[in-house]
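Visitor: I would like to go through this model and ask how its labels are earned.
Guide: Go ahead.

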Amino acid sequence: MTGYFELLESDTGKFRFNLKAGNHETILTSETYESKDAAKKGIESVKMNATLADSYDRRSAKDGAPYFVLLAGNRQVIGRSEMYSSAEAMEKGIESVRLNASSAEIKDKTG
C-alpha cells in the first residue's frame, strides 16, 4: 500500500496537508497555507525535496524528543514530523517520507 497526501481546510479557511504512510499513519504535517493552490504547491515541494538527504533537519524538542523538519530549496520549513521516542525511530520516519512522498497521490478532503 502506498502513501498519500491528505489536503485539508480549517474552519478559518486556511489549508494544510498531511503525508500519510500506506498504513494511514501521518508521517509529515505541513505548515498552514492561505490558499488551496499554495498548499498544492507545498505538496509539489515535498515531492521534489523528500529524496534529497540535505532537506532533512533533525531537531530535538525541549523535552529531548527527536523530530525532523523537511526543508524546501530556499531552506523554509515545508513539513514537520511527529515527536519520536528515539533517534532510530526518527530515522525510520525520514525513510518513510523518502519512500512515500514522490509517488503519493492527493486525497482532497476540502469541501
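Guide: Keep in mind that this is a predicted model.

Visitor: What makes β4 and β5 a pair of strands?
Guide: Pairing requires at least two bridges. Strand β4, residues 56-60, and β5 have five bridges, so they pair, in the antiparallel sense. One of the contacts puts Asp-57 opposite its bridge partner in β5, Val-69.

Visitor: How do you know that β5 and β6 also pair?
Guide: Three bridges join β5 (residues 66-71) to β6 (residues 77-80), and at least two are needed, so the two strands count as paired. They run antiparallel. Leu-71 has Val-77 in β6 as its bridge partner.

Visitor: Which residues take a positive phi in the two hairpins?
Guide: In the hairpin of β4 and β5, Gly-64 does, with phi near 90 degrees. In the hairpin of β5 and β6, Arg-75 does, with phi near 70 degrees. The β4 and β5 hairpin has five residues between the strands, and the β5 and β6 hairpin also has five.

Visitor: Why is the largest group of nonpolar residues called a core?
Guide: Its 24 residues are called a core because they are buried and joined through side-chain atoms within 4.5 Å. Phe-5, Leu-19, Val-46, Phe-68 and Val-97 touch the most other members. Elements giving two or more residues include β1, β2, α1 and β5. The most come from α2, which gives four residues.

Visitor: What makes the other core a separate one?
Guide: The other core lies apart from the largest one and has five residues, among them Ala-61, Ala-65, Val-69 and Leu-71.

Definitions and conventions. Residues numbered from 1 in each chain as written. Predicted model: local features only at pLDDT ≥ 70, side-chain atom pairs only at ≥ 80, totals over all residues. Heavy atoms only, no water. Buried < 20%, exposed > 50% of the residue type's maximum accessible area, 1.4 Å probe, protein only.
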